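Trainee: I would like to take a close look at a single part of this model rather than skim the whole of it. Could you walk me through that part slowly, and then place it beside its surroundings?

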Amino acid sequence: MDNRRSFLKRFIGISSMAAAPVLSRVAEAAQTARVSNIRLSQSYNRTRLVFDLDRNIDHSIFRLHNPERVVLDIKDTQLIDAGLIEQMHNTLLKGVRTGVRNGRDLRVVLDLNNQVTPRSFLLRPEADAGHRLVIDLEDKDYAAPVVKKKEQPKKLRDIVVAIDAGHGGKDPGASGHLGTREKDITLQIARKLERLIKKYPGMKPVLIRNGDYYMGLRERVQKAREKKADLLISLHADSYRDTRARGSSVYALSVDGASSETARWLAEKENASDLIGGVKLDNKDDMVAEVLLDLSLTGTIQSSLDVGDEVLGELKRIGRVHKRRVQQAGFAVLKSPDVPSILLETAFISNPREERKLRSPAHQRKTAKAILRGVSDYFSRKAPPDTWLSLNNKQHKAVAGETLSAIANRYDIGTEELRVYNRINGNQLRIGQPLKIPYTSA
Ligand SMILES: [Zn+2]
């Protein structure tokens, strides 16, 4: 543990040192804009270059013929990383060169294979994007059939919610005075939650246990990972010797629980190698692997706490909560390094009043609904970008005089893409019409 901490410190130390020269250069020339990134995209006959800038700029653009070029001058601007323009080309764009003019302006020369109509415009900062300079190059001779082809929207998927009914089979869990068994209650609530999620557009349920049989905790975690769950919810009912104890609790994994788990996952490198976005752990030394896995777990725990907060907030609305904050503990079923996981103690089965509630189908349904509300609130903010629910993350309300293509430009997407997502034919827009803005890398 100590070794890892000091390694992490060193790791952070090195990266801040490396950043220092860049920062001081910026301080010297406070009025100089910086190009932090250049992106190239193509749709139909249009090639688009987007310059990400840290402030507003003045620019001019003109054409030169024989050979065909478009020249872009940006006042008081620096390209910090020349690597951005290396190998930037497509069928129209032969290459990009840059140079400094008047000692402080940036000149960008676009070498072209064909004559174009260039167009440029600036985009003001949005919530998730800064100043952008957009250059559109329209290729006049671009083959017509391609223009007619419909752009395919990105392949999107449902969010997978794994529902784990605690205990089962030879392990009945806790039991109440009326003889109610935890394993039965958890399965009943799990099935109700499954039914609700099935009806929720953009989400798909997976029952980890679907019957009265025993399942090990590791097996449950494994199944959630196999089903590519975006979230695991483990359902339980609490029990305490004082029968007055009452209310629901929500748990996420504790950092200590995670740390000991790191060691275990590392012992199974075969399993661990696919955990961190394609980073193969086998070829790295253990310390690097441990740091990477730790970072992944820390992120997963953060997400678990976040979704746990939402669910606890909803449970508060339908009844008492035992602890007003999400608790953290080392429950084995929460130990997926890459699947946010929460454990719910829905109520105290040891409390006779709560036991009766737990048995009631109406109350079970109420509980399931509260869980779904919490989960859907969480995913309406944090849907993974390749899911249907991520579409709802951005909405645009059309204002008077706005055109589809202007809106598409604003969000850095194709007009046709915007049409397909919103099932719009033609160019008609109502004032105030809400438009879903598909996820883009912009
Ligand atoms: Zn339990």
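Trainee: In what order do the 5 strands of the open sheet follow one another, and is the pairing parallel, antiparallel or mixed?

Mentor: Bear in mind that this is a predicted model, and that what follows describes its computed geometry. The 5 strands of the open sheet are arranged in the order β5-β1-β2-β9-β8, and their pairing is mixed. Strands in a sheet are held to one another by hydrogen bonds of the backbone, in either the parallel or the antiparallel sense. At the edges of this sheet lie β5 (77–79) and β8 (116–123), each of which has a pairing partner on one side only, and from one strand to the next the twist averages 30°.

If we stay at the β8 edge, we find that β8 pairs with strand β9 (residues 131–139) through 8 bridges, and that the two run in the antiparallel sense. A single position helps to fix the register in the viewer: S120 has I135 in β9 as its bridge partner.

Outside the order just given, another set of pairings centres on strand β4 (residues 69–74), which is joined to strand β3 (residues 59–64) by 6 bridges in an antiparallel arrangement. Here F62 has V71 in β4 as its bridge partner. The two strands, β3 and β4, make a hairpin with 4 residues between them, and N66, which sits in the turn, has a positive phi of about 50°. β4 also pairs with strand β7 (residues 105–112), again in the antiparallel sense and over 6 bridges, with L72 standing opposite V108 in β7. Because 5 of the 6 residues of β4 are buried, this strand is largely enclosed by the rest of the structure.

For the surroundings, it is worth turning to the metal site, where the zinc ion is coordinated by H167 (NE2), E182 (OE) and H236 (ND1), at 2.0 to 2.1 Å. The spacing of these donor residues along the sequence is H-x14-E-x53-H. The pair E182 and H236 links distant parts of the chain, since E182 belongs to helix α3 (residues 182–199) and H236 to strand β12 (residues 231–238), 54 residues apart. Why are these two counted as buried? The cut-off is a relative accessible area under 20%; E182 is buried because its value is 4%, and H236 is buried because its value is 12%.

Key:
Residues are numbered from 1 along each chain as its sequence is written. This is a predicted model: local features need pLDDT of at least 70, side-chain atom pairs count only at pLDDT 80 or more; totals for chains, interfaces and linings use all residues. Side-chain values use heavy atoms; hydrogens and water are left out. Donors are N, O and S atoms within 2.8 Å of the metal (3.2 Å for Na, K and Ca); water is not among the atoms, so sites may look incomplete. Buried means under 20% relative accessible area, exposed over 50%, partly exposed in between (1.4 Å probe, protein chains only). Two strands pair if DSSP finds at least two bridges between them. Axes are lines fitted to C-alpha atoms, for helices over the stretch in contact, and angles run from 0 to 180 degrees between N-to-C directions.
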